[in-house]
Amino acid sequence: MNDFVQVCKVGDIPDPGKQVVEVGERYVVLFHVDGQFHALDDVCTHDGGPLGEGCLEGYVIACPRHGAKFDIRDGRVLCMPAVSGTPSHEVKVEDGKVFVKLIDRPKKTYVT
Ligand code: FES
């Protein structure tokens with residue numbers, strides 16, 4: 001799949017907030033922070049934890065299993081025990097609707 005898919009309306013997710021959506025056969029966490037939307041795979045790269053169930057603080061999502069942290073803007077890993085970023089995807093908003101395109105931006109593979 002390489003096209004934009006409508007996943008929700010802007011008002012469906014509070015700001016700040018997050019929601020897991022389905023894009024093709026993938027589960028993606030859609031984040032709404034400071035009026036912008038960001039999308040990451042709903043998979044922690046440490047051991048597959050569900051990032052959509054984690055705690056969101058600013059632009060940081062913490063995995064609910066062991067606490068690895070990721071930047072929601074690009075999926076880069078910020079905190080062990082994960083050492084690899086998680087894929088981030090393109091998001092656009094048109095006419096109050098939110099669309100996601102799976103692009104699998106290159107993962108950042110280091111802890112900053
Ligand atoms: S599965 Fe996410 S930190 Fe372990």
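Author: Two strands pair if DSSP finds at least two bridges between them. The model discussed here is a predicted one.

Reader: What makes β9 and β10 a pair?

Author: Strand β9, residues 88-94, is joined to β10 by 5 bridges in the antiparallel sense, and since the requirement is at least two bridges, the two strands therefore count as paired. One of the places where they meet is E94, whose bridge partner in β10 is K97. The two strands form a hairpin with 2 residues between them.

Reader: How do you know that β10 also pairs with β1, and which residue stands opposite V98?

Author: Strand β1, residues 5-9, runs antiparallel to β10 and shares 4 bridges with it, so the condition of at least two bridges is met here as well. The residue opposite V98 is C8. In a regular strand the side chains alternate between the two faces of the sheet. Strand β10, residues 97-101, has V98 and V100 on its covered face, whereas K97, F99 and K101 lie on the uncovered one.

Reader: What joins β3 to β4, and how many bridges are there?

Author: Strand β3, residues 26-33, and strand β4, residues 36-41, run antiparallel and are joined by 6 bridges, which means that they too satisfy the requirement of at least two. Across this pairing, V29 stands opposite L40 in β4.

Reader: Why are β1 and β2 said to stand at the edges?

Author: The open sheet has 6 strands in the order β1-β10-β9-β4-β3-β2, with antiparallel pairing. Each of β1 and β2, the latter spanning 17-23, has a single partner strand, so one side of each is left without a neighbour in the sheet. Neighbouring strands are turned by 30° against each other on average, direction ignored.

Reader: Why is D34 called exposed or buried, and what should I note about its backbone?

Author: D34 has 8 other C-beta atoms within 10 Å, and because a residue with 12 or fewer is exposed, D34 is placed in that class. D34 lies in the loop between β3 and β4, and its phi is near 50°, a positive value in a residue other than glycine.

Reader: How do you know whether D95 is buried or exposed?

Author: For D95 the count is 6 other C-beta atoms within 10 Å, and with the limit set at 12 or fewer, D95 is therefore exposed. D95 is found in the loop between β9 and β10, and its phi is positive, at about 50°, although D95 is not a glycine.

Reader: Why does G52 count as buried or exposed, and which residues does it contact?

Author: G52 has 21 C-beta neighbours inside 10 Å, and because 20 or more make a residue buried, G52 is assigned to that class. G52 sits in the loop between β4 and β5 (55-57), and, leaving aside neighbours within four places in sequence, G52 is in contact with K18, V20, V29 and D42. From C-alpha to C-alpha, G52 and A62 are 9.3 Å apart in space and 10 residues apart in sequence.

Reader: Where do P16 and P81 lie, and what is the form of the peptide bond leading into each?

Author: P16 is in the loop between β1 and β2, and the peptide bond from D15 to P16 is cis, with omega near 5°. P81 lies in the loop between β8 (77-79) and β9, where a cis peptide bond joins M80 and P81, with omega at about 15°.

Key
Residues are numbered from 1 along each chain as its sequence is written. This is a predicted model: local features need pLDDT of at least 70, side-chain atom pairs count only at pLDDT 80 or more; totals for chains, interfaces and linings use all residues. Axes are lines fitted to C-alpha atoms, for helices over the stretch in contact, and angles run from 0 to 180 degrees between N-to-C directions. Two residues are in contact if their C-beta atoms, placed from the backbone, lie within 7 Å.
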